[in-house]
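Here's a friendly walk through a protein model for someone meeting it for the first time. Take a look at the sequence and the fold, then read on.

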Amino acid sequence: MEELKNKVRELLKAGTVQAVIGYRAGSDEKTARVAFVRQPDEADGLILDPRCTDNLAVYLLKPEVKLLGKLAIVARPTTARTILQLASENQLADGQVIVLGVSADGKAVVELASFEALEKFVGQVPAGLTEEEKVLLAKIEGMSREERWAFWQSEFARCIKCYACRAACPMCYCSRCIVESNQPQWIPVSPHDEGNLEWHLVRAMHLAGRCLNCGFCAKACPMGIPLNLLTQRLAEEAKAAFGAVAGGSATGEYALSMFKADDKEGFIR
Ligand code: SF4
Ligand code: SF4
């Protein structure tokens with residue numbers, strides 16, 4: 001922990017960055033929340049322990065955060081992969097942010113100032129579902145088509161359209177989301193079965209092959225809907241169909257960005 005605090009102080013004192021995005025204890029001390037550290041002595045309040053699971057990359061593209069100046073960010077492997085995916089979507093430039101990469105066991109902190117260094121870092125840590133998520137996904141996979149449809153419909157029926165999932169997702173960065181369009185209105189505003197289904201299908205398709213499975217959307221959902229399982233399932237489909245995996249490279253192609261003349265679907269030609 002001291003290693004991280006010292007690194008943050010050093011970067012701020014030298015003026016290398018103007019703010020560092022990290023974690024501090026929440027008001028109940030049982031949770032962690034984001035910290036925007038702008039003065040060297042504020043580094044004292046940083047924490048790095050099992051409470052710190054949120055994907056902080058979600059803050060990197062917020063206009064008010066960009067105004068803080070050059071940023072450094074504390075990044076567990078999932079956050080590091082998110083940064084690479086944002087780079088591959090031309091949302092971050094090389095050198096724009098200094099990544100303070102935290103090893104999977106949370107002990108070592110390494111300064112990663114380039115995408116090349118970041119790619120090496122994420123290449124060393126396995127990515128994927130937790131054991132609990134694997135069990136739930138296998139259960140959903142084991143259902144018949146009708147049962148699976150009924151499962152997701154019953155999950156979506158509980159949605160109250162608060163859009164906390166969208167706010168939490170680092171890959172939902174459009175300045176104007178389709179759900180806010182009212183001329184024409186593609187997706188009804190109020191929560192009801194059909195509108196909920198449209199919202200979740202649109203969300204899942206927009207994230208197909210781009211989801212890093214940080215689980216931040218499911219964690220943010222006040223109704224406990226396991227949204228990340230749907231986008232992670234689509235990630236598996238994208239990998240099988242296009243060989244595309246999100247978050248491995250700053251220049252990698254992802255399913256929604258590719259065009260191949262030899263695509264197996266004839267409509268594309
Ligand atoms: S798990 Fe959820 S929040 Fe994280 S990248 Fe995927 S869709 Fe976005
Ligand atoms: S966070 Fe949950 S309740 Fe809110 S819009 Fe997303 S799925 Fe619906």
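Let's start with overall size. A compact globule of 269 residues would have a radius of gyration near 18 Å, and the protein has 19 Å, so the two agree (the radius is taken over C-alpha atoms, and the globule rule is 2.2 Å times the number of residues to the power 0.38). Along the principal axes, the C-alpha atoms fill a box of roughly 55 × 45 × 40 Å.

Keep in mind that this is a predicted model, where local features need pLDDT of at least 70, side-chain atom pairs count only at pLDDT 80 or more, and totals for chains, interfaces and linings use all residues. Residues are numbered from 1 along each chain as its sequence is written, while chains are lettered from A and ligands numbered from 1 in the order in which they are written. The average pLDDT (the predictor's confidence in each residue, from 0 to 100) is 90, and 99% of the residues score at least 70. Among the elements, strand β1 (residues 19-25) has the highest mean pLDDT, 97, and strand β6 (residues 109-112) the lowest, 87.

You'll find 10 helices and 6 strands here; these are DSSP runs numbered from the N terminus, with helices being H or I of at least four residues and strands being E of at least two. As for contacts (C-beta atoms, placed from the backbone, within 7 Å), 63% of those with a separation of 6 or more link residues 24 or more positions apart.

**Two domains**

The domain assignment, which is automatic or from a database, gives domain 1 (2-123) and domain 2 (131-268). Their C-alpha centres lie 26 Å apart. Where they touch, 18 residues come from domain 1 and 17 residues from domain 2. On the domain 1 side, α3 (77-88) and α4 (115-123) each supply at least two residues, and α3 gives the most, with 8 residues.

**Two ligands**

Now for the ligands. A residue counts as near one if its C-beta atom, placed from the backbone, lies within 6 Å of it. For the classes, Ala, Val, Leu, Ile, Met, Phe, Trp, Tyr, Cys and Pro count as nonpolar, Asp, Glu, Lys and Arg as charged, and the others, Gly among them, as polar.

| Ligand | Residues around it | Nearest residues | Classes in the shell |
|---|---|---|---|
| Ligand 1 | 16 residues | Cys169, Cys211, Cys214, Cys217, Asn228 | 11 nonpolar, 5 polar, no charged residues |
| Ligand 2 | 13 residues | Cys159, Cys162, Ala164, Cys165, Cys221 | 12 nonpolar, no polar, 1 charged residue |

Around ligand 1, the elements giving two or more residues to the shell are α9 (216-220) and α10 (227-242). Of these, α10 gives the most, with 3 residues.

**Two residues to look at**

Is glycine 215 buried or exposed? Glycine 215 sits in the loop between α8 and α9, and it counts as buried because it has 22 C-beta neighbours inside 10 Å. The cut-offs are 20 or more other C-beta atoms within 10 Å for buried, 12 or fewer for exposed, and anything in between for partly exposed, with C-beta atoms placed from the backbone. In the protein, 35% of the 269 residues count as buried.

Tyrosine 173 lies in the loop between α7 (164-168) and α8 (193-206). With 15 other C-beta atoms within 10 Å, tyrosine 173 is partly exposed. Leaving aside residues up to four places away in sequence, tyrosine 173 touches Leu61 and Gln91.

Technical notes:
Contact = placed C-beta atoms within 7 Å.
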